[in-house]
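Reader: I would like a close look at a single part of this model. Please keep it brisk and define the terms as you go.

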Amino acid sequence: MKTVKLGIAGLGHVGCGLIELVERQADLRLPGKVEIVGVSARSKNRNRPVDISAYRWFDDAATLAEDPEVDIFVELVGGSDGPAKIAVEAAINAGKHVVTANKALIAMHGQSLEALAQEKDVDLMFEAAVAGGVPIVRVLRDSLTGVAVQRVSGILNGTCNYLTTQMLETGCSYDEVLEEAQRLGYAEADPTLDVSGMDAAHKAAILASIAFTADLDFSKVSVKGVDTVELIDLVLADRLGLRIKLITEGLLTADGVVCRVAPLALPIDHPLARVDGALNTVRVEGDPLSAVTLTGPGAGPGPTASAVMGDISKLFTPTARSPFGRAPHHGTRSFVEAKTAERSAFFFRVKLADRPGALASLTEALAAHNVSVDKLLQESADDSDVSPVAILTHMCSRGDIEDASARVSGLEASVGAPQVIAIDAVT
Ligand SMILES: NC(=O)c1ccc[n+]([C@@H]2O[C@H](COP(=O)([O-])OP(=O)(O)OC[C@H]3O[C@@H](n4cnc5c(N)ncnc54)[C@H](OP(=O)(O)O)[C@@H]3O)[C@@H](O)[C@H]2O)c1
């Protein structure tokens, strides 16, 4: 029976989850035996849920990566630069295969790491970096090579999905739900990377790069988070038959690959509309597949470690395949920014002072920018005489709705900035 020997750097949630899995590998279906040669983290004496005393300790992750006994270096430290990048480069340079769960590293440096891995004839695998336990990276890279992919969309940040789901279910504000999520461990103490959309953007960019054989250029990815979504948006959208969720998208256009993350309003019968709570989901649309959707736990020590172990399992038979599934005869595409001429219907919400003519001034401002109203819902005014109004527009350009929004913002009756959220009509 073949044995592969691991060096594991990072003994946090995922690192300890992986050690637990290694220790009960008899329950798994691995092609051979997995052994841990050594481990590394910041602090040797920290209390951990697993006993690491049987493994060689390394203060420096890069030294572990280069250790002659190590076959596969497993990077579970995190961060796009610093120790994770240094150690992964050291491992590849030393001819070791690398498995990582680090989406920030792959989104920012995946291209150069791919080149290095190909030069050194080793595998670089990152199934766990996207959607945790949902097996999408290798499915997209290997199983769906017979599909001309047109779009990869998804819900790739469980924290954001939990927040929007809970706000609607409980009627609590964004801040209240975030505080509760932090208490329950669904959100980090510093939730910025999640709620800003950046974490989901890293994952979306990786998927788009694989799906479209595109050079991963993270600077072209447009990122908007859930931190601007208010309870009233979710409530009014719900009454209009829409669910607002943080959606990632990679789209093949005539100009190149558009990749973005933003709250979208989904009709209730949309395939992603009912994926609630901390779940992740990815939907791949293409020819001749139509669409396939994978849903499951996008984070957590167990699910994420299982994805890492899946990669390790593949490395019993290394292929030195391009991490992004590219081959020299594939055309390469570029990431491009979305055009403002792009057309969509929009959910538009504004708060108006409750006075005569306010609604008329709103519809006039929209009409001045070619935005016409499909449906309109006005709430009764609150104690401060402010009345929220939600509008579903007919199809219009993003540029026009943004200009209209700026104009509405300047109206005397308008209170605060309007909310503009595109409606995703795909079903
Ligand atoms: N958590 C999830 O559900 C999840 C899901 C998908 C992907 N990921 C990715 O998996 C990776 C690890 O996440 P995590 O949640 O396990 O993180 P974590 O709990 O914060 O653990 C990070 C580990 O890295 C160690 N570390 C920090 N600086 C180091 C350094 N300079 N040298 C060596 N080790 C260092 C820490 O050491 P100490 O323990 O000594 O402080 C800790 O053990 C990240 O890339 C993350 O994005 C996580």
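Author: What follows is a walk along one strand, β10, and its partners. This is a predicted model: local features need pLDDT of at least 70, side-chain atom pairs count only at pLDDT 80 or more, and totals for chains, interfaces and linings use all residues. Residues are numbered from 1 along each chain as its sequence is written.

Start with the strand itself. β10 spans residues 242-252. Strands here are DSSP runs of E with at least two residues, helices are runs of H or I with at least four, and both are numbered from the N terminus. In β10, 10 of the 11 residues are buried, so the strand is largely enclosed by the rest of the structure. A residue is buried if 20 or more other C-beta atoms lie within 10 Å of its own, exposed if 12 or fewer, and partly exposed in between; the C-beta atoms are placed from the backbone.

Now the neighbours. Two strands pair if DSSP finds at least two bridges between them. β10 is joined to β7 (residues 148-155) by 4 bridges, and the two run antiparallel. One contact point to find on screen is V152, whose bridge partner in β10 is G250.

β10 also pairs with β11 (residues 257-267). That pairing is antiparallel too, over 11 bridges. Look for L246, which stands opposite P263 in β11.

Finish at the turn. β10 and β11 form a hairpin with 4 residues between the strands. In this hairpin, G256 takes a positive phi near 150°.
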